[in-house]
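Here is a short report on selected features of one model. Read it alongside the sequence and the coordinates.

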Amino acid sequence: MPTRGGTAVVGAAEMVNASGRIPELSQLGLQAGAAIAAMKDAGIGPKDVDGIACVGNPAEVAWYLGMDPPSYVDGTSVGGCSFMLHVRHAVAAIEAGLAKTILVTHGESGKSQLGRAGFGGGRQTMNAQYEGWTGVTGPPSMFTIPVKRYMKETGTTEEHLAAVAVAQREWAGKNPNAVMKDPITVDDVLNSRMIAYPFRLLMCCLVTDGAGALIITSADRAKDFPTKPVYILGTGESVETPMVSQMKDLTRSGAFRVAGPRAMSDAGITHKDVNHLMIYDAFAHLPIYGLEDLGFVGRGEAGPFIAAGNTRPGGKLPLNTNGGGLSYTHSGMYGMYALQESVRQVRGTAAAQVPDVKVAVSHGVGGMFMASGTIVFSNERP
Amino acid sequence: MLQRSKKSGQAYFPPRPFFPGDPSQEVEWFQASGKATLLSYVINNRPPPGFEGPVGLCVVKLAEGPTMLTNITDCEQTPEALILDMALELAPHTVNEEVTLPLFRPAKGG
């Protein structure tokens, strides 16, 4: 197990705006823009970075930035939580001496579609052969498939799903960079356009452009940087299945149940230590699954927990305080933006700042319950 | 047709030339019962070309154990008609000489 707090985020930057569009930058331009901003935050330049991680081609980004050939390269690509895995691998690499200063960067032209390779594979792929032919049209009609089962087994209702969107819109209203800021009600959500029953438009994430980057180094070196270190206490990762229909249990994520508990036990924390929580919300059921699979609530309690206001501003467990993928931004792979909000909350610089955040958990999903990654941050080194 | 372990009889899906988790076990094809139940679904309001109107994307649990994604035919594609745990039976749909899709329909006579 890596040392608790043995590494830290010393640079962080995000490129997200309220229009959801950054039409002047290609995907590579976004990756580089966020990377340069994060390096500037850390007071360093490309020549000071000896490790790189991104989804896509790390060589392209490293060369484009003008880095010297790095001693550590990570191109892990398991969907939107890939950046949690990049952080986890960076922690291990720094502890093992593979690199000293690692850049994790992400940029995605999800809305403008500039310089972006298409999603999906050919007809020969397993997903096409065993799921594609049934009439699926991407995540809104796929990621949502398990939820009817969850609702039947737990008594969770469409009103509970709507309450997730309502709570997060309230957070988004406090965030100038959120795309959707106007308050909404449960009725607004339940009256919005049907996308894939039981999921309506306001239960589905945005599609935007965006970018974000982190600089990670050892805690010992962190004091040499100008920023307040955000220590990494524990990390977790896992994968379950590339096809949502092949989940072992449609009402539980096997990947969540490895990544989350591992991160928290490595961090040496319990649920009551967590002051701030991010759970990747591509759709309204993700925070519900996440709260339950990570053990914050018991079986079937997550919907009522959110509907009762516990995750809203002023609630006892502030959740998705940037507004989340539902209301803040979602460029396709959202995990980086969850990490950025966690880092801001621990630094004390978030738009909707929660008082006295000591321990923040950032939990990501990749694909459709395919993968997961969890990071525990703190402002204190144990 | 499904595959199973010769040793334990445990069925698995999708097919592959080895038993998942223990490649040392011999595997074989066998004739499945065609019986299943409806485990979960969404109704895609905007399906791709080739589909007429909203289509239920249904995870069914085969009597032999594995789950698979399919469509339920001979059935309204509505929440009122698609009832979780309803009994289903195989309704093979021939696309062409090479491809037959494993659709399901509500079981007749239980």
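The notes below cover a chain, a helix, a cavity, a pocket and some individual residues.

## Model and chain B

This is a predicted model. Chain B has zero helices and eight strands. From the N terminus, its elements therefore read β-β-β-β-β-β-β-β, counting helices and strands as DSSP runs.

The C-alpha atoms of chain B fill a box of roughly 45 × 30 × 25 Å along the principal axes. Chain B has 110 residues, and 39% of them are buried. Among contacts in chain B with a separation of 6 or more, 41% join residues 24 or more positions apart.

## Helix 9 of chain A

Helix 9 of chain A spans residues 256–267, which makes 12 residues. The distance from its first C-alpha to its last is 16 Å, close to the 16 Å expected at 1.5 Å a residue. Gly268(A) follows helix 9, and its phi is positive, near 70 degrees.

The buried residues of helix 9 are Phe256(A), Ala259(A), Gly260(A), Ala263(A), Met264(A), Asp266(A) and Ala267(A). Seen down the helix axis, these buried residues fall within an arc of 165 degrees, so they line one face of helix 9. An α-helix has 3.6 residues a turn, so residues three or four places apart point the same way. The buried residues of helix 9 pack against several elements of chain A: helix 3 (82–96), strand 8 (230–239), helix 10 (285–293), strand 10 (359–366) and strand 11 (371–378).

## The cavity

How many cavities of 30 Å³ or more are there? The count comes to one. The largest cavity holds about 50 Å³ of space.

Its lining consists of Met1(A), Pro2(A), Thr3(A), Val91(A), Ile232(A), Leu233(A), Gly234(A), Thr235(A) and Asp266(A). Strand 8 of chain A gives the largest share of this lining, four residues. By class, the lining of the largest cavity divides into five nonpolar, three polar and one charged. Asp266(A) appears in this lining and is also one of the buried residues of helix 9.

## The second largest pocket

The second largest pocket has a volume of about 880 Å³. It is lined by 29 residues, and the closest to its centre are Gln129(A), Trp133(A), Thr100(B), Leu101(B) and Pro102(B).

Which elements supply at least two residues each to the lining of this pocket? From chain A, helix 4 (126–130) does so. From chain B come strand 1 (2–5), strand 6 (67–70), strand 7 (87–94) and strand 8 (100–106). Strand 8 of chain B provides the largest share, four residues. The lining of the second largest pocket has 20 nonpolar, seven polar and two charged residues.

## Two loop residues of chain A

Thr144(A) lies in the loop between helix 4 and helix 5 (147–154) of chain A. Is Thr144(A) buried or exposed? Its relative accessibility is 0%, so Thr144(A) counts as buried. Beyond its neighbours within four places in sequence, Thr144(A) is in contact with Pro139(A), Phe199(A), Phe283(A), His285(A) and Val42(B). Thr144(A) and Asp188(A) are 44 residues apart along the chain, and their C-alpha atoms are separated by 20 Å.

Leu201(A) sits in the loop between strand 6 (199–200) and strand 7 (209–218) of chain A. Leu201(A) is partly exposed, at a relative accessible area of 38%. Leaving aside neighbours within four places in sequence, its contacts are Ser192(A), Arg193(A) and Ile195(A). Leu201(A) and Val189(A) are 12 residues apart in sequence, with 7.5 Å from C-alpha to C-alpha.

## Backbone geometry to check

Tyr197(A) and Pro198(A) are joined by a cis peptide bond, with omega about 5 degrees. Pro198(A) is in the loop between strand 5 (194–197) and strand 6 of chain A. Another cis peptide bond joins Phe13(B) and Pro14(B), with omega about -5 degrees. Pro14(B) is in the loop between strand 2 (11–12) and strand 3 (27–30) of chain B.

Gln113(A) is a residue other than glycine with a positive phi, near 60 degrees. Gln113(A) is in the loop between strand 4 (101–109) and helix 4 of chain A, and counts as partly exposed at 45% relative accessibility. Asn320(A), also other than glycine, has a positive phi near 55 degrees. Asn320(A) lies in the loop between helix 11 (302–307) and helix 12 (324–327) of chain A. At 0% relative accessibility, Asn320(A) counts as buried.

Terms used. Residues numbered from 1 in each chain as written. Chains lettered and ligands numbered in written order. Predicted model: local features only at pLDDT ≥ 70, side-chain atom pairs only at ≥ 80, totals over all residues. Heavy atoms only, no water. Expected span 1.5 Å × (residues − 1). Buried < 20%, exposed > 50% of the residue type's maximum accessible area, 1.4 Å probe, protein only. Arc of directions from axis to C-beta. Contact = heavy atoms within 4.5 Å. 1 Å grid on protein atoms, 1.4 Å probe; cavity = no way out; pocket = protein on both sides within 12 Å on 5 of 7 lines; lining within 4 Å. Points joined across faces, edges and corners; volume = space filled by probe spheres on them. Nonpolar A, V, L, I, M, F, W, Y, C, P; charged D, E, K, R; others polar.
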